[in-house]
Amino acid sequence: MNYIKTEIDGVFIIEPKVFNDSRGYFFEAFKSSDFEKNIGKVSFIQDNESMSSRGVLRGLHYQKGEYSQAKLVRVIKGRVLDVAVDLRVKSKTFGKYVMVELSGENKRQFFIPRGFAHGFLVLSDEAIFTYKVDNIYSPENEASIRFDDPDIGIKWPMNSEEILTSAKDMSAVAFKDAECFY
């Protein structure tokens, strides 16, 4: 695997070595010893999967305080633009984001450490999205920031009329009102 540091400390793009032949392909999606050597010790406790249609935007979600989650995300089928927003107040990149295209074709993965909001936009007709987390989900500690917050300024490649999101995400707080990490 190739571990690529991004412009935000702690966030990585991971490119697996894919072995293709006439039968199909094979790759290692996760190997704890390599992950620990390149990123550090993260004890993933749960795998999640979602399916979404074109234009669905999920996010920007995070868990507050002790329920914060590190995530290792990838797309099995389809294409998404995945985004991580730095909510660590003492970070040089506080309020900045990293965006990466993940697809069933490129097989890239995206590691997002604790202290970040996360979201993705589906670019294909359908996308199957999977991710590992290192902490339990706590509904009482769930938080969301508006995907179109002007202070963050994410440049989504679809206009707002094409984007489908939940009522909960539409009522998310502005970045300036978000509970961040100190």
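In which strand is the place of Leu60? In this predicted model, Leu60 belongs to strand S6, and the peptide bond that joins Gly59 to Leu60 is cis, with an omega of about 10°. Most peptide bonds are trans, and most residues other than glycine have a negative phi. A backbone feature of the second kind appears at Lys107, a residue other than glycine whose phi is positive, near 55°. Lys107 is placed in the loop between strand S9 (97-103) and strand S10 (109-112), and because its relative accessibility is 10%, under the 20% cut-off, Lys107 counts as buried.

From strand S6 (57-63) the reader can turn to the loop between that strand and strand S7 (71-77), where Ala70 lies. Ala70 has a relative accessible area of 3% and is therefore buried. Beyond the residues up to four places away in sequence, Ala70 touches Val42 and Phe44, the residues Phe111, Ile112, Pro113 and Arg114, and also Lys132, Val133 and Asp134. For one of these partners, Arg114, the separation from Ala70 is 44 residues in sequence, while the C-alpha to C-alpha distance between the two is 4.5 Å.

Another loop residue to examine is Ser138, found between strand S12 (126-133) and strand S13 (142-144). Is Ser138 buried or exposed? Its relative accessibility is 4%, so Ser138 counts as buried. The side chain of Ser138 makes a polar contact, at 2.8 Å, with the side chain of Asn141, and once neighbours within four places in sequence are left aside, Ser138 is in contact with Gln63 and Tyr67.

Notes. Residues are numbered from 1 along each chain as its sequence is written. This is a predicted model: local features need pLDDT of at least 70, side-chain atom pairs count only at pLDDT 80 or more; totals for chains, interfaces and linings use all residues. Side-chain values use heavy atoms; hydrogens and water are left out. Helices (H or I, at least four residues) and strands (E, at least two) are DSSP runs, numbered from the N terminus. Buried means under 20% relative accessible area, exposed over 50%, partly exposed in between (1.4 Å probe, protein chains only). Contact means heavy atoms within 4.5 Å. A polar contact is a pair of N or O atoms within 3.5 Å; within protein, one must be able to donate a hydrogen and the other to accept it, and residues adjacent in sequence count only if both atoms are side-chain atoms.
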